[in-house]
Amino acid sequence: MTDKVIKLKAKDADDVLVISAVLQDAIAPVSDMTFDTDAKNFIMVVQRLCRPTKDGAGLARICCAVNVRGVDHTQLHGIDLTQQGRILDLLAVMPDGRSVTFIFAGDAKIRLRLGDWSMIVEDFGEAWPAQCNPCHDGASSVVKVS
């Protein structure tokens, strides 16, 4: 299992691309997403995939809080927030000017329009063995069971 937890902060597009790489293949339950319009705060808890390391730690998952502050507006595409049991597969987090878009498999997206913003990504809890290892072949995504 991994003993390396992360805590990252993003303030610009380059930082977001680093976070995108760290969060690739995380799974995100719709029930664990919220946007507080008054506080301008978007929070999502994902189950981040921890890849095998050189020291022998195997494939694992760990809970990871994604907190985006300074969100002026959210826009959903292909996501119904009433489907609380739905699990989304996070493919990438893409910066675009004053917006950040979370891109999920199945053409689902969350676009956050940003004002004066920051993003904090932080692991919490204990890691557990991952049940499968996602792999990407061209434009399609295939899951191989370990």
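1. The nonpolar core. In this predicted model, the largest nonpolar core holds 30 residues. Those that touch the most other members are Leu23, Met44, Val66, Val68, Phe102, Phe104 and Met119. Helix H1 and strands S4, S5, S6 (87-96), S7 (99-104) and S8 each supply at least two residues of this core. Strand S8 gives the largest share, seven residues. As general background, nonpolar side chains in soluble globular proteins tend to be buried together.

2. Leu23 and its contacts. Leu23 is one of the core members just named. Leaving out residues up to four places away in sequence, Leu23 touches Val46, Arg48, Cys64, Val66, Leu90, Val93 and Val121. One of these partners, Val66, is also among the core residues that touch the most other members.

3. Ser20 in helix H1. Helix H1 spans residues 13-23 and includes Ser20. Is Ser20 buried or exposed? Its relative accessibility is 9%, and because the limit for a buried residue is under 20%, Ser20 counts as buried. Apart from neighbours within four places in sequence, Ser20 is in contact with Ala92 and Val93. Val93 also appears among the residues touched by Leu23.

4. Strand S5 and its two pairings. Strand S5 covers residues 60-77 and pairs with strand S4 (residues 41-50) in the antiparallel sense, over 10 bridges. Within this pairing, Ile43 has Asn67 of S5 as its bridge partner. Strand S5 also pairs with strand S8 (residues 108-129), again in the antiparallel sense, over 15 bridges. Here Cys64 stands opposite Asp123 in S8. Cys64 is, in addition, one of the residues that Leu23 touches.

5. Strand S1 against strand S8. Strand S1 (residues 7-10) and S8 form an antiparallel pair with four bridges. Which residue in S8 is the bridge partner of Leu8? The partner is Val121, a residue that Leu23 touches as well.

6. The S7–S8 hairpin. Strands S7 and S8 pair in the antiparallel sense over six bridges, and Phe104 stands opposite Ala108 in S8. The two strands form a hairpin with three residues between them. In the turn, Gly106 has a positive phi of about 75 degrees. Phe104 also belongs to the nonpolar core, where it is among the residues that touch the most other members.

7. Points to follow in the structure. Strand S8 can be traced through its antiparallel pairings with S5, S1 and S7, and this strand supplies seven residues of the core. Helix H1 can be followed through Ser20, and it too supplies at least two core residues.

Key: Residues are numbered from 1 along each chain as its sequence is written. This is a predicted model: local features need pLDDT of at least 70, side-chain atom pairs count only at pLDDT 80 or more; totals for chains, interfaces and linings use all residues. Side-chain values use heavy atoms; hydrogens and water are left out. Buried means under 20% relative accessible area, exposed over 50%, partly exposed in between (1.4 Å probe, protein chains only). Contact means heavy atoms within 4.5 Å. Two strands pair if DSSP finds at least two bridges between them. A nonpolar core is a set of buried Ala, Val, Leu, Ile, Met, Phe, Trp, Tyr and Cys residues joined through side-chain atoms within 4.5 Å.
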